[in-house]
Amino acid sequence: MAQILDAAVPSAIRQAAACIQAGGVVAFPTETVYGLGADALNERAVAQVFAIKQRPAFDPLIVHIAQVGAVSRYASGIDGRARVLMQRCWPGPLTLVLPKQPVIPALVTAGLGTVGLRMPAHPVALSLLRAAGTPIAAPSANPFGYVSPTTAQHVQDTLGEKIELILDGGPCPVGLESTVCALSGEEAVVLRPGGLSVEEIEALIGPVRLPASTDADPRSPGTLPQHYAPRVRLTLLAPGQAIPLPSPRERVGLLSFRPVPAADAYTRHEALSAEGDVLEAATNLFAALHRFDRLGLDRLVVEAVPEQGLGRAIMDRLRRAAARGAD
Ligand code: TXA
Ligand code: MG
């Protein structure tokens, strides 16, 4: 099992930073989800991240930095759109895909000519980046294809056997991965909706293209149709669809958007938000999926959420999770 360090203890950041500097791998909190970090400039360290996650080498990692000013060391082609987004949305749940500088190893970017860069807003992530003094390449700290972790315990449960150190900074406040926005071409493209809404990006740089959830974009394997999936088979209800009665022969869970009456026929029921608030729903989503997954259910029925703001990213993850469970 990994050692879990309370990030509030000052020596914890030093220990984690020393591990990164020595070419090791550390799980750490960000405002979106927990990341599995290694020195982005050390190809051997990065190789371990791929091995631990069993992540295919064609799937590039996001490089995390501690300050906006560092961006030109790792990326080029930083235009007006990139500058506005960095100034207004960093630190925060936004990854910008830009042409890469040669200093970033090819393994990090899966051989692509672009790099995904993000300055996270979580104080523990920022302290770790500053103490390590190097950019940190970090995917979400989960086995490839599985639900992302939003607590240190989630990381322990799924990868604890394979890593030494987990920095515990409590539950992640946003709860969904960053929005990945490519600015490497003429047109801005949101490759993955996430913790920063598309509406907020459009208010700053004008219209962006948003490929449909079901188009697998080989440039961003987070867009594979079957991804972010819990083990339990998941049935996603259509927007507005009434909650069906579960089959009495199955153990079925219900994850509703807001509280619903008469969910007693279900083995277990949870609501994502007491008030029907998509922000709250986003924060709770992955933790709820982890909880349901521990129950050994036959099926999980999930109510649709309104597809606005973060609701778009929630529905993106739910559609992909349901694609694996489809039958
Ligand atoms: O919130 C997050 O983004 C978390 C935290 C730890 O920062 N990280 C995360 O990483 O979700 P990961 O590896 O699970 O997802 C990164 C996504 C993948 O879909 C990957 O394909 C895409 O970003 N990506 C990374 N670099 C890219 C690039 N150069 N071009 C296109 N897509 C890229
Ligand atoms: Mg991931």
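Trainee: In this predicted model, is Asp-79 buried, partly exposed or exposed?

Mentor: Buried requires under 20% relative accessible area and exposed requires over 50%. Asp-79 has a relative accessible area of 25%. That value lies between the two cut-offs, so Asp-79 is partly exposed.

Trainee: Which residue forms a salt bridge with Asp-79?

Mentor: Side chains of opposite charge can pair when their charged atoms come close. For Asp-79, the closest N and O atoms of the pair are 2.9 Å apart. The partner counts as buried, at 19% relative accessibility. That partner is Arg-81.

Trainee: How many residues apart in sequence are the parts that Asp-157 and Arg-294 tie together?

Mentor: Asp-157 forms a salt bridge with Arg-294, with the closest N and O atoms 3.8 Å apart. Asp-157 lies in helix H6, whereas Arg-294 is in the loop between helix H8 and strand S14, so the pair ties together parts whose separation in sequence is 137 residues.

Trainee: Is Arg-294 buried, partly exposed or exposed?

Mentor: Its partner Asp-157 counts as partly exposed, at 46% relative accessibility. For Arg-294 the relative accessibility is 55%. The cut-off for the top class is over 50%, so Arg-294 counts as exposed.

Trainee: What is the relative accessible area of Ile-201?

Mentor: Ile-201 is placed in helix H7, residues 198-205. Leaving aside neighbours within four places in sequence, Ile-201 is in contact with several residues, among them Leu-85, Thr-179 and Val-208. Ile-201 is buried, and its relative accessible area is 0%.

Methods:
Residues numbered from 1 in each chain as written. Chains lettered and ligands numbered in written order. Predicted model: local features only at pLDDT ≥ 70, side-chain atom pairs only at ≥ 80, totals over all residues. Heavy atoms only, no water. Helix = DSSP H or I, 4+ residues; strand = E, 2+ residues; numbered from the N terminus. Buried < 20%, exposed > 50% of the residue type's maximum accessible area, 1.4 Å probe, protein only. Contact = heavy atoms within 4.5 Å. Salt bridge = Lys/Arg side-chain N within 4 Å of Asp/Glu carboxyl O.
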